[in-house]
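Take a moment to turn the model around on your screen before reading on. The tour below goes from the inside of one chain out to the places where chains meet.

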Protein chains: 4
Amino acid sequence: MKRENHREDVIGRANVEDTQELLDYYDQLEEFDTGALWTVANKIEPWEPASTSIPTLWRFQDLREHVLRSIELVTPEKAGRRVVYLNNRGRQDVAAAVGWIYAGLQAMKPGELASAHRHSASAVRFIMEGSGAFTIVDGHKMTLGANDFVLTPNGTWHEHGVSEDGETCIWQDGLDIPLMNALEANFYEVHPDLNQAVGYPVNDMVSKWGQSGLRPTNEGWGKGYSPLFKYRWDVTYEALNDYAAVTDGSPFDGVMMEYVNPVTSGPVMQTMGASMQMLRPGEKTKAHRHTGSYLYHVAKGEGYSVINGRRFDWRKNDIFCVPSWAWHEHANKSASEDACLFCLNDLPVMRSLGIYREEAFGDNDGHQPVA
Amino acid sequence: MKRENHREDVIGRANVEDTQELLDYYDQLEEFDTGALWTVANKIEPWEPASTSIPTLWRFQDLREHVLRSIELVTPEKAGRRVVYLNNRGRQDVAAAVGWIYAGLQAMKPGELASAHRHSASAVRFIMEGSGAFTIVDGHKMTLGANDFVLTPNGTWHEHGVSEDGETCIWQDGLDIPLMNALEANFYEVHPDLNQAVGYPVNDMVSKWGQSGLRPTNEGWGKGYSPLFKYRWDVTYEALNDYAAVTDGSPFDGVMMEYVNPVTSGPVMQTMGASMQMLRPGEKTKAHRHTGSYLYHVAKGEGYSVINGRRFDWRKNDIFCVPSWAWHEHANKSASEDACLFCLNDLPVMRSLGIYREEAFGDNDGHQPVA
Amino acid sequence: MKRENHREDVIGRANVEDTQELLDYYDQLEEFDTGALWTVANKIEPWEPASTSIPTLWRFQDLREHVLRSIELVTPEKAGRRVVYLNNRGRQDVAAAVGWIYAGLQAMKPGELASAHRHSASAVRFIMEGSGAFTIVDGHKMTLGANDFVLTPNGTWHEHGVSEDGETCIWQDGLDIPLMNALEANFYEVHPDLNQAVGYPVNDMVSKWGQSGLRPTNEGWGKGYSPLFKYRWDVTYEALNDYAAVTDGSPFDGVMMEYVNPVTSGPVMQTMGASMQMLRPGEKTKAHRHTGSYLYHVAKGEGYSVINGRRFDWRKNDIFCVPSWAWHEHANKSASEDACLFCLNDLPVMRSLGIYREEAFGDNDGHQPVA
Amino acid sequence: MKRENHREDVIGRANVEDTQELLDYYDQLEEFDTGALWTVANKIEPWEPASTSIPTLWRFQDLREHVLRSIELVTPEKAGRRVVYLNNRGRQDVAAAVGWIYAGLQAMKPGELASAHRHSASAVRFIMEGSGAFTIVDGHKMTLGANDFVLTPNGTWHEHGVSEDGETCIWQDGLDIPLMNALEANFYEVHPDLNQAVGYPVNDMVSKWGQSGLRPTNEGWGKGYSPLFKYRWDVTYEALNDYAAVTDGSPFDGVMMEYVNPVTSGPVMQTMGASMQMLRPGEKTKAHRHTGSYLYHVAKGEGYSVINGRRFDWRKNDIFCVPSWAWHEHANKSASEDACLFCLNDLPVMRSLGIYREEAFGDNDGHQPVA
């Protein structure tokens, strides 16, 4: 067996040549479940992050038929959920779309209702097509239309359904399942009654917590996630337009807003954040990179992104990922229509742990050379 | 001279009879700027608060003509501001409407613009009638309609005006001037240029910070007051109606929402809070009391309030006060229309200092006997 | 009756001459419990704070005999507490030593124990002389020596005593009674059993919460005040010496440390803060001023302070006050010994409400001319 | 190739039989970097965490000679650091001692000084033997004795040395390197001058921030980690004894205190926490389990721990780990001496992300059967 040894000829880095004496020493260390740091130091302390995730674009036109076919192939009862998940080639061991974020496209027919469960993983559902979708979270039922998204946070009972008078729905699920597994903190429970009762007026949390500049006087909220379980597309799109009228926008992200917990103005959940950004007609942003993994969902329009020097063209309902510390920039191809990107990310983890870092691409007026 | 001596025949309270020896002792103490605590202990440590403010109702129909007459009587240049202030009979020494809150009705003609100033006192302006009103706060201009209110927080440059094409406006000013004076922390400055330049798009802070469940990604805010300087009546009234549909409301306050700083979900300013409450058709609330002074402004409808056993009938634009620890309950007189009460208060002070306390009126099914 | 009218001939300030028409108008306004703002605006909006408190020094040598004489004159049962309180000539209406802070010197004989009570006012006790003093706060008993101080926060049951084998004690009480009254939030209760049981090991809160860099794993604390009820002089003096060795100190305050709530690192109580500062041998600080009222207690040494241009010479156990926005600077008269000043203040109020402001004295190398 | 399929015959779980049609479907999905969730759902959503870390004890008597031998085998210049790292058999791929925590034993001779560097990983050093050790963190030099520990937080320049007049030192390094790599946020830099200048008095941060109940008035601290870079054993041991006198202790952990950031009372760093617990003579704790990985270092005494039913006997300077969600209980073997366990853990991550959970072992009076 050949031993690892990651030498670098740089002052302050490990640079120890293998000798027979050392190799014998390494064998002895191994007996006691130990090793010599200098053989692996340069490997485990890289100069900068090199993500194992591969920049990938999933085209809705490729996936749609396969997602719908799952309806014929399996029942919800047997499959639990009929989901085609995004399996990044660099992250197949943890079933992640990017970094520690899982994502999948789920399909459901009118009249179907999944069984209720809860888990340590936090989730968002972003509606892609169909009508009549709804989600119940801890007894609060929310109705959902295209580009709406709903939270089913860590520890909440939840279930999804499509009403009898609706149309077959497809949505994107985004969860931090891989992170919960990595952190060895993932629990799972099936609801004892398989389904939960609706205990409140429909969409009540939106009426209570979704008001501009106002909160209910006699309601408290101390949980780690937003009480505003549902975020509506019409409200979001109007907000982006309002904001666009009074801001120059970010050179890297155009007109961008964060979905927030209205009680803290922080992220919607402790482990996953979400944002929506508008690329104005013809807008081309400059490149930057930052720690944290990003999964983009095209909510509106057509354009392309350049990620680590490779161009990805996207349109409505396509999904693509930007791995941690990868250079990225976005462009709207239309000269007349705006384009909107929904983004699910693990920025709250980066920020809570004090490890968020970002950097602008300095050369070439901020644009990457495209391979 | 007769000395104070507030004896009470209760164990644990001061109960020392005056004797000649003690009176002589008191004289000696006085020479050294001292006194005997037991002569004043019961006075300065009351069993419960007894506010010096008198429950008072100011009728708009009484005041309107006098307010408008100020336009003929004085110029803004000479008066600074043409304001008829509410002078609670128990608080005339500090010019307060109730407790440590100052309030006044200000009138301004189209085309007028007050000079800009700033002070330690925090203020709100609540528009009562007219059109074309605007306020500029640290370079941000906001346009204002009836029942809108605007913040001019502690330390911000601000000025009010009415546009040339508007109509004569009357609004209520509410400030914590008496509190700032009592705390010996009141500073005042006239703007060096007398008026400030508008440095941002009109109503930009509303577009940035007034979005439901969203905040601008690239904007920070760390000040002690809300960046959402303006709160709109239409938005507020719609929010109350939304919330009313999903809540039973408070037994004491009906359907009530707090105006909040969107960044903290806390009060709009550090020294003054504001709320709007809806009394549904026919609603009669139960009585309670709490520390903190409240100034109510009738934003909509007709009704009455019972304050410490006395009934006050009110209608649109009337103003009335509830002193600290006074029992109070509200009633909407209409069986078909809702009534809305705007409330300006010093609850943030009570809460920051840890001295908020409340109590329900237990007898008589929660209703005070009316004198 | 002559009406108030505080005219100033400055642009942006009220400057309206009395006319008969206006005087009649003012009479009309008065009928409706209102007034014309411009008659009082300049009074209630001063250019800067002008405290009504008068800089005052209380010499322990003057007061000691009078304090001890109270032991002969009144019993604790009748007097409640035998206290000679500091009665600032500018604040006699509210029985304050300075601003909204009450202070008094209390005497107690060995074997005496006051009855237990609680109130909205927050208090500190700073021991001046004697031995065997103790205080019980919500069942936690603390033993107290000279220059130790103990908290009896808002709402806690508390009582003071001196053990049978102790010596007559004198201590300074400092409370925010005047503030609680001003804010109309003062409640008072006598303990139903007149005295409370000790429910924990003596000084337990010090053992739990007074450890450097450590907190008990299985103890929570969410109250608005410090769980470290007692602050010891020996610990404090050693800390000041440690800190002095590694800091240049403040030009205005020498080597100064804040007493803090170990859970928040903020002030010991929500309404009152405390600090101890060391003036090194020969040290003369520069003058500054700030909002907030300060009551100094000389814990060690001899020196003088210049307050608004007047010199006050002080020694051990003297007490003096610095009103809000008064210039002040301190000097240690000894060339070989340090001097220490304990300071009780309302800075937490200033900071919570966003109205703290400070300013250095610019002229004369930072020193005030002394009258 | 055989596909994964993790079927469970439980309602609410995936239970889809492989058919040729489905296997073909899975092949099609793979072409688009996707998969069928139901084939992996039960694997990625376990009922509860099953850590890949193996409970392991590293005996100091086994390792000491090997650690010292590294001094002969490699130079600091070539090795960077002479460290024997703990290589958990279940975590060799990430070089972790347990979970995402790296640990190693480092040796250094008198007069040696490592080069300065900084990285995203946060570290603690816990001194095991020798004298004259010191660490410099961002220009602050700290001297270190046995059982002292020092922080070198995320992003700080740091270097370790042993003074000329010291003795060869061995210490434990604990870092979150594996977590930083997993989160793809690890950066590394060598100091441009290879060593940094000492810019402050020795141990200044201890003098400033290590005082009981006091903080320096004129010093701010807003970083995500403790300014108290060094925690002393003598102070800690005295604190434990003080606390032991006034607490019953925890049934699971004996007398336990957390090392804290004095400014927040929270953990010493954002990604790693530390505690010290005392097992009183003869004390046997009950078993519990919780999410989060724990690495124990025996600071004093002899005893054993039962981890997932297996007994590990330990003595001074041994190190052992408790993986996430593993049952564990501790016992002090001595009837007369206390035993102390230092614990390094990732609890701050669990808490920041809202995924901390704990459970008591219910059966057998709280004690695990030992295999």
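What follows is a walk through the domains, the chain contacts and a few side-chain pairs of a predicted model.

**Inside chain A**

Let's start with a single chain. The domain assignment splits chain A into domain 1 (1–44), domain 2 (57–209) and domain 3 (232–366). Look at domain 2 and domain 3 of chain A: their C-alpha centres are 23 Å apart. The two do touch, with 31 residues of domain 2 of chain A in contact with 33 residues of domain 3 of chain A. Together they bury about 2,600 Å², and 72% of that area sits on carbon and sulfur atoms.

What kinds of polar pairing turn up across this domain interface? The rule finds 0 salt bridges between domain 2 and domain 3 of chain A, but it does find 7 residue pairs in polar contact (both at pLDDT 80 or more). On the domain 2 side, several elements of chain A each supply at least two residues, including α3 (60–73), β4 (102–108), β6 (123–137) and β9 (158–175). Of the contributors to that side, β6(A) gives the most, with 4 residues. By class, the side of domain 2 of chain A that touches domain 3 of chain A has 21 nonpolar, 7 polar and 3 charged residues.

**Chain against chain**

Now zoom out to the chain interfaces. Two of them are set out here, with values for each.

| Property | Chain C and chain B | Chain B and chain A |
|---|---|---|
| Residues in contact | 90 residues from chain C, 90 residues from chain B | 34 residues from chain B, 34 residues from chain A |
| Buried area | about 7,900 Å² | about 3,000 Å² |
| Share on carbon and sulfur atoms | 60% | 59% |
| Salt bridges | 6 salt bridges | 0 salt bridges |
| Residue pairs in polar contact (both at pLDDT 80 or more) | 38 residue pairs | 18 residue pairs |

Stay with chain C and chain B for a bit. The rule finds 6 salt bridges across their interface. E45(B) and R81(C) form a salt bridge, with their closest N and O atoms 2.7 Å apart. The side of chain C that touches chain B breaks down into 44 nonpolar, 26 polar and 20 charged residues.

Then there's chain B against chain A. The rule finds 0 salt bridges across this interface, while the polar contacts there come to 18 residue pairs (both at pLDDT 80 or more). Which elements of chain B supply at least two residues each to the side that touches chain A? They are α6 (204–209), β11 (214–216), α7 (233–244) and β13 (255–259) of chain B. The top contributor to this side is α7(B), which gives 5 residues. Sorted by class, the side of chain B that touches chain A has 16 nonpolar, 12 polar and 6 charged residues.

Some chains don't meet. No contact joins chain A and chain C, and their closest C-alpha atoms are 14 Å apart. Chain B and chain D have no contact joining them either, with their closest C-alpha atoms 14 Å apart.

**Pairs worth finding**

Side chains of opposite charge can pair when their charged atoms come close. Over all chains, the count comes to 84 salt bridges. One to look up is the salt bridge between R69(D) and E21(A), with 3.5 Å from N to O. This pair crosses between chains: R69(D) is in helix α3 (residues 60–73) of chain D, and E21(A) is in helix α1 (residues 20–31) of chain A.

Aromatic rings pair up too, and the structure holds 82 aromatic pairs over all chains. How do the rings of W325(B) and F187(C) sit relative to each other? Their centres are 4.7 Å apart and their planes are at 80°, so the pair counts as edge-to-face, given that planes over 60 degrees apart fall in that class. W325(B) lies in the loop between β19 (319–322) and β20 (328–332) of chain B, and F187(C) lies in the loop between α5 (177–182) and β10 (188–190) of chain C, so this pair joins two chains.

Methods. Residues are numbered from 1 along each chain as its sequence is written. Chains are lettered from A and ligands numbered from 1 in the order in which they are written. This is a predicted model: local features need pLDDT of at least 70, side-chain atom pairs count only at pLDDT 80 or more; totals for chains, interfaces and linings use all residues. Side-chain values use heavy atoms; hydrogens and water are left out. Domain bounds come from an automatic or database domain assignment. Contact means heavy atoms within 4.5 Å. Buried area is the accessible area (1.4 Å probe) that two parts lose on being put together, summed over both. A salt bridge is a side-chain nitrogen of Lys or Arg within 4 Å of a carboxyl oxygen of Asp or Glu. A polar contact is a pair of N or O atoms within 3.5 Å; within protein, one must be able to donate a hydrogen and the other to accept it, and residues adjacent in sequence count only if both atoms are side-chain atoms. Ala, Val, Leu, Ile, Met, Phe, Trp, Tyr, Cys and Pro count as nonpolar, Asp, Glu, Lys and Arg as charged, and the others, Gly among them, as polar. Rings of Phe, Tyr and Trp (its six-membered ring) pair if their centres lie within 6.5 Å; planes under 30 degrees apart count as stacked, over 60 as edge-to-face and the rest as tilted.
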